[in-house]
Amino acid sequence: MEQKEKSTDSRPSYLQIRYLLELDRIGNSRGFKLLIAEACGVSHVAVVKYLNSCRDSGDLTEDYRFTEKGRKKVEMYRHLIKDVEAYLYRIGSAEEEIPELLPRFMENIGYDVLERIIRNDQTIRHGNRASETPDVQQMLGGVLRKGTYQVGIALFRSDGGRVRYSMAHRGFRRPAELVIGEGNGWLVLTPCQMMARSRIDGELKEGRLGTLKYYREGRLTAAEETDGRIRIPLDACKVQKSGKGNIKAVIPVTVTCTVGNADMPESTAVLMFWM
């Protein structure tokens with residue numbers, strides 16, 4: 001089945017990155033464009049069109065060899081893919097599910113946000129004024145006692161390579177709550193009415209969160225809602241604790257919103273909370 005590209009004006013799609021990695025692997029030997037197309041499950045035309053655009057932008061020479069500029073880009077993409085794969089594995093994604101999750105993360109969250117998440121994760125793991133343990137409850141137990149704590153929250157999305165607040169960012173009351181119990185813990189969000197601009201007619205209308213799903217063990221799980229409040233288990237969060245005891249976390253989510261009488265399409269976002 002032929003795969004489809006999902007690109008923006010400012011950055012290549014995951015599939016287009018694969019074209020470049022395949023070109024780097026096999027070189028510009030006879031029939032290389034067709035070989036790249038077969039390896040990536042796309043049409044020959046799609047490969048030719050993108051490689052020609054790379055020639056126009058100065059990343060490839062006329063005979064499809066990498067320029068110095070193009071070589072730096074392809075190495076950056078190669079390292080980013082490896083880092084994202086490693087990150088997905090560390091947060092509990094099943095190894096066989098990572099190839100499916102990888103393009104979703106790279107295209108929907110955005111490279112800049114991913115690089116920040118990965119850099120922060122690597123800093124924590126390498127012990128740069130921070131520590132991390134696999135057991136979230138054990139880690140928080142060294143900082144927080146059982147009880148309810150107020151936390152700041154924000155939801156981000158990538159728009160054409162730029163990081164913006166998600167529409168759902170305004171759909172929750174501040175602050176949110178971090179509830180620590182005996183052997184469990186939850187991030188508790190309270191949805192609220194918001195004013196949002198409809199993507200259908202552009203008018204400012206009253207809106208509300210529709211659904212929220214989070215990634216847990218590599219799978220999307222609908223968040224539990226009780227008495228109008230949404231709960232996300234802490235073991236689904238990438239929680240980090242600094243040497244000074246500050247806590248922050250990242251949770252990849254998907255959200256839908258209702259604006260006026262219209263339901264907005266499901267979109268991918270990154271939910272962050274901190275205290």
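## The buried side of helix H2

In this predicted model, helix H2 has five residues worth finding on your screen: Phe32, Lys33, Ile36, Ala37 and Cys40 are buried. Why do they lie on the same side of H2? They share that side because the arc they cover around the axis is only 140 degrees.

Which helices do these buried residues meet? They pack against helix H1, residues 14-26, and against H3. Just after H2 comes Gly41, a residue with a positive phi, near 70 degrees.

## How H2 meets H3

A pair of packed helices can be described by the angle between their axes and the distance between those axes. Here, H2 (residues 32-40) and H3 (residues 44-56) pack at about 115 degrees, and their axes are 8 Å apart. The crossing of H2 past H3 is right-handed.

On the H2 side, the contact is formed by Phe32, Lys33, Leu34, Ile36 and Ala37. H3 brings His44, Val47, Val48 and Leu51. Sorted by class, seven of the residues in this contact are nonpolar, one is polar and one is charged.

## The chain around them

Let's step back to the whole chain. Its secondary structure consists of seven helices and 14 strands. Of its 275 residues, 44% are buried.

Among contacts in the chain with a separation of 6 or more, 59% join residues 24 or more positions apart. The chain exposes an area of about 14700 Å², and 47% of that area is supplied by carbon and sulfur atoms.

How values were computed: Residues numbered from 1 in each chain as written. Predicted model: local features only at pLDDT ≥ 70, side-chain atom pairs only at ≥ 80, totals over all residues. Heavy atoms only, no water. Axes fitted to C-alpha atoms, helices over the stretch in contact; angles between N-to-C directions. Helix = DSSP H or I, 4+ residues; strand = E, 2+ residues; numbered from the N terminus. Left-handed = near helix turned anticlockwise from the far one by under 90°. Contact = heavy atoms within 4.5 Å. Nonpolar A, V, L, I, M, F, W, Y, C, P; charged D, E, K, R; others polar. Buried < 20%, exposed > 50% of the residue type's maximum accessible area, 1.4 Å probe, protein only. Areas by Shrake-Rupley, 256 points an atom, 1.4 Å probe, with all protein chains shown as cover. Arc of directions from axis to C-beta.
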